[in-house]
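This report concerns the salt bridges of one protein model. The sequence and structure are shown below.

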Amino acid sequence: MTVSRIIRFVLAFSLVACANQEGIYEPACAAYEGDRLTLAAGRFEWQRFTDERIVNESGAVETPFPGFPKSGTYRVADERLELTGDDNVRLDDWFVIDRAGQRYLLDAKQHNAFTDNGEMPECALRFTPVASR
């Protein structure tokens, strides 16, 4: 195999690996506060949501999650989802886990607990392909 064929194979494999992760990751439970990550075309959008409304002294509703939504590029390395914001700042990693025919995203704390006890967190972010929405 020539070097150019190997490079093309690695590049194609990398693109397929990212494409397989593309979709929306939302809480797998009824959640009143949490995260939602959308992955598409090598980019992510990370939103945080809550049903709580905080009103300041002047009666204006405050933003519950300053700095959100965040967006940028992502890559998958093994089971690690690496996020880099549009400002080139590396954000917290997430972990892609396939369990019982479903795909989930776990943050570092959830992933540590999962590797310790093997139990999927109740409100882990569950994958939904974009085409099925």
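How many salt bridges does the count come to? In this predicted model, the count comes to eight salt bridges.

Among the residues involved, Arg75, Arg80, Glu82, Arg90 and Asp93 are linked in a network of salt bridges. Three pairs with their N to O distances are listed below.

| Acidic residue | Basic residue | Closest N to O distance |
|---|---|---|
| Glutamate 82 | Arginine 75 | 2.7 Å |
| Aspartate 93 | Arginine 80 | 2.9 Å |
| Glutamate 82 | Arginine 90 | 3.6 Å |

Glutamate 82 meets arginine 75 in a salt bridge, and arginine 90 also forms a salt bridge with glutamate 82. Is glutamate 82 buried or exposed? Glutamate 82 has a relative accessible area of 15%, and it therefore counts as buried, the cut-off being under 20%. Arginine 75, by contrast, is partly exposed, with a relative accessible area of 47%. Arginine 90 is likewise partly exposed, at 44%.

The side chains of aspartate 93 and arginine 80 also meet in a salt bridge. Where in the chain do aspartate 93 and arginine 80 lie? Aspartate 93 belongs to the loop between β5 (80–85) and β6 (94–99), whereas arginine 80 is in strand β5; the pair, 13 residues apart, links distant parts of the chain. Aspartate 93 is buried, with a relative accessibility of 16%. Its partner, arginine 80, has a relative accessible area of 33% and is partly exposed.

Conventions
Residues numbered from 1 in each chain as written. Predicted model: local features only at pLDDT ≥ 70, side-chain atom pairs only at ≥ 80, totals over all residues. Heavy atoms only, no water. Salt bridge = Lys/Arg side-chain N within 4 Å of Asp/Glu carboxyl O. Buried < 20%, exposed > 50% of the residue type's maximum accessible area, 1.4 Å probe, protein only. Helix = DSSP H or I, 4+ residues; strand = E, 2+ residues; numbered from the N terminus.
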